[in-house]
Amino acid sequence: MQFELSERLTKLPPYLFVEIDKAKRKALREGKDIIDLGIGDPDEGSPKEVIESLYKALQDSKNHHYPLDQGISSFRKRIAEWYSSRFGVALDPEKEILVLIGSKEGIGHMPLAFVNPGDVSLVPDPCYPPYKGGTILAGGRIHAMPLLEGNNFLPDLKKIKESTLKKARILYINYPNNPTSAVCEKGFFEDVALFAKKYGLIVAHDAAYSEVAFDGYKPDSFLKVNGAMDVGVEFHSLSKTCNMTGWRIGFVCGNEKIISAIGKVKSNIDSGAFNAIQMAGITALDIAERHLKRMNAVYQERRDALVDGLNSIGWKTKKPKATFYAWTSLPRPYKSSIKFAGKVLNEAGIVITPGVGFGESGEGYVRMALTVSVERIKEAVDRLKKII
Ligand SMILES: *Cc1c(COP(=O)(O)O)cnc(C)c1O
């Protein structure tokens with residue numbers, strides 16, 4: 001029997017990592033020693049305090065029922081406390097915070113609340129794929145905002161045409177940024193808040209990497225700048241903050257009406273995050289500062305080993321101030337990031353992510369994740385030296 005797919009499904013962008021994934025699986029089957037710098041998933045397990053907290057919460061039968069739609073109140077209160085102490089932003093836990101089943105879930109569902117067929121989302125290019133996927137599944141269209149090195153990987157809002165802005169509903173931003181690892185100044189957030197107000201846009205700031213930063217740098221909250229609470233929300237996740245990618249727990253904070261609309265979509269699709277995981281989420285926020293102090297030192301050491309190593313063999317790679325990625329232009333004379341990543345996998349047994357997979361403006365770059373040990377990173381640099 002033939003099943004006709006919905007138009008929205010056929011409109012999703014092609015998954016450009018297919019070939020790399022296939023080649024990686026083949027190499028692993030052949031027993032090759034592969035160094036995987038591809039996936040943005042912390043290599044260490046979750047903190048033991050968080051695991052113990054989950055055990056304890058699991059014993060309590062009141063955590064076994066359907067969760068509340070918006071999340072349990074003790075977790076929302078703890079999130080409000082964290083926001084206040086970490087960013088100096090005051091939030092009402094009843095109205096301005098919504099618990100998510102991982103931030104990807106909220107990011108992907110948000111367009112269902114605001115985007116009508118034919119409406120436009122303004123999406124950075126390159127970007128984390130769900131900004132596009134969520135918009136297309138809601139029947140919307142994508143307007144790509146190139147993130148160029150010459151503009152410090154910030155979108156140039158002035159370049160967006162008035163005719164596009166008339167149809168635009170959501171403006172996505174993400175700093176510290178995946179995949180470019182760029183950070184932004186407070187002034188950029190201020191510009192975004194003013195721009196959104198002027199054109200009636202909703203801002204979705206993805207702050208998944210707000211806690212992964214180096215050299216004493218502390219990323220800021222979009223919600224802190226004037227006017228941001230009138231126009232936007234900010235997505236957070238415990239995935240990168242506390243090595244909890246598999247747990248599926250995140251939250252979105254900000255404008256009450258936007259939060260309530262996302263909540264309405266969710267209440268028709270899911271029934272919230274498992275209460276016991278939300279209880280463990282409270283513990284994660286309790287121990288986050290200590291955990292991050294150690295983890296960020298680990299990532300910083302790996303970053304230095306990778307970037308110094310690449311530059312010592314003639315690459316031109318900058319040290320990121322945040323995220324656990326290095327985003328680097330291809331060494332000469334290579335141009336195609338997919339071909340280059342294929343060569344690196346086949347000849348050196350290293351998985352790296354081709355930049356074009358995140359959007360056209362990512363062409364000419366590759367992303368390398370700092371989620372393997374310093375020894376393996378040094379080994380990777382040695383192998384690269386031999387093939388390039
Ligand atoms: C990892 C990541 C997320 C988050 O993921 P969840 O695990 O769904 O919370 C969100 N945005 C970006 C840019 C990411 O890299």
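The second largest pocket lies between domain 1 (7-44 + 289-387) and domain 2 (48-288), because both domains give residues to its lining. The model is a predicted one, and this pocket has a volume of about 580 Å³. Its lining is made up of 28 residues, and Asn152, Phe153, Ser181, Ala182 and Val183 are the closest to its centre. Helix 8 (186-199) and strand 9 (325-329) each supply at least two of the lining residues. Strand 9 gives the largest share, 3 residues. Sorted by class, the lining holds 13 nonpolar, 6 polar and 9 charged residues.

The two domains themselves come from the domain assignment of the chain, which gives domain 1 as 7-44 + 289-387 and domain 2 as 48-288. Their C-alpha centres lie 25 Å apart. Where they meet, 34 residues of domain 1 are in contact with 35 residues of domain 2.

Gly45 is a residue to find next. It sits in the loop between strand 1 (35-36) and helix 3 (48-59). Is Gly45 buried or exposed? Its relative accessible area is 53%, so Gly45 is exposed. Glu96 is 51 residues away from Gly45 along the chain, and the C-alpha atoms of the two are separated by 31 Å.

The largest pocket holds about 1,300 Å³ of space. Which domains contribute to its lining? Domain 1 and domain 2 each give at least three residues to it. The lining has 48 residues, and those nearest the centre of the pocket are Phe17, Lys104, Tyr128, Pro129 and Pro130. Several elements supply at least two lining residues each: helix 2 (18-29), helix 5 (103-114), helix 6 (130-137), helix 10 and strand 11 (353-354). By class, the lining of the largest pocket divides into 22 nonpolar, 16 polar and 10 charged residues.

Helix 5, one of the elements that line the largest pocket, has 12 residues. From its first C-alpha to its last it reaches 18 Å, close to the 16 Å expected at 1.5 Å a residue. The buried residues of helix 5 are Ser103, Glu105, Gly106, Ile107, His109, Met110, Pro111 and Phe114.

Helix 4 (residues 73-87) can be read in the same manner. It has 15 residues and spans 21 Å from its first C-alpha to its last, close to the 21 Å expected at 1.5 Å a residue. Its buried residues are Phe75, Arg76, Arg78, Ile79, Ala80, Trp82, Tyr83, Arg86 and Phe87. A general point helps in reading such a list: an α-helix has 3.6 residues a turn, so residues three or four places apart point the same way. What covers the buried residues of helix 4? The cover includes strand 2 (97-100), strand 7 (232-237), helix 10 (238-241), strand 8 (250-254) and helix 12 (275-312). Just after helix 4, Gly88 takes a positive phi of about 70 degrees.

Trp82, one of the buried residues of helix 4, also belongs to the lining of the largest cavity. The other residues of that lining are Ser210, Glu211, His236, Ser237, Leu238, Thr241, Phe251 and Leu285. Strand 7 and helix 10 are the elements that give two or more residues to this lining. The volume of the largest cavity is about 40 Å³, and the count of cavities of 30 Å³ or more comes to 1. The lining divides into 4 nonpolar, 4 polar and 1 charged residue.

Some details of the backbone remain, and they are found in loops. The peptide bond from Asp125 to Pro126 is cis, with omega near 10 degrees. Pro126 lies in the loop between strand 3 (120-125) and helix 6. A cis peptide bond also runs from Tyr175 to Pro176, with omega near -10 degrees. Pro176 is in the loop between strand 5 (168-173) and helix 8.

Two residues have a positive phi although they are not glycines. Asp215, with a phi of about 55 degrees, lies in the loop between strand 6 (202-206) and helix 9 (228-231). Asn243, with a phi of about 50 degrees, is found in the loop between helix 10 and strand 8. With a relative accessible area of 4%, Asn243 is buried.

How values were computed: Residues are numbered from 1 along each chain as its sequence is written. This is a predicted model: local features need pLDDT of at least 70, side-chain atom pairs count only at pLDDT 80 or more; totals for chains, interfaces and linings use all residues. Side-chain values use heavy atoms; hydrogens and water are left out. Helices (H or I, at least four residues) and strands (E, at least two) are DSSP runs, numbered from the N terminus. The expected span of a helix is 1.5 Å times one less than its number of residues. Buried means under 20% relative accessible area, exposed over 50%, partly exposed in between (1.4 Å probe, protein chains only). Contact means heavy atoms within 4.5 Å. On a 1 Å grid over the protein atoms alone, a cavity is a set of points where a 1.4 Å probe fits but cannot get out, and a pocket is an open set with protein on both sides within 12 Å along at least five of seven lines; lining residues have an atom within 4 Å of a point. Grid points are joined across faces, edges and corners, and a volume is the space filled by probe spheres set on the points. Ala, Val, Leu, Ile, Met, Phe, Trp, Tyr, Cys and Pro count as nonpolar, Asp, Glu, Lys and Arg as charged, and the others, Gly among them, as polar. Domain bounds come from an automatic or database domain assignment.
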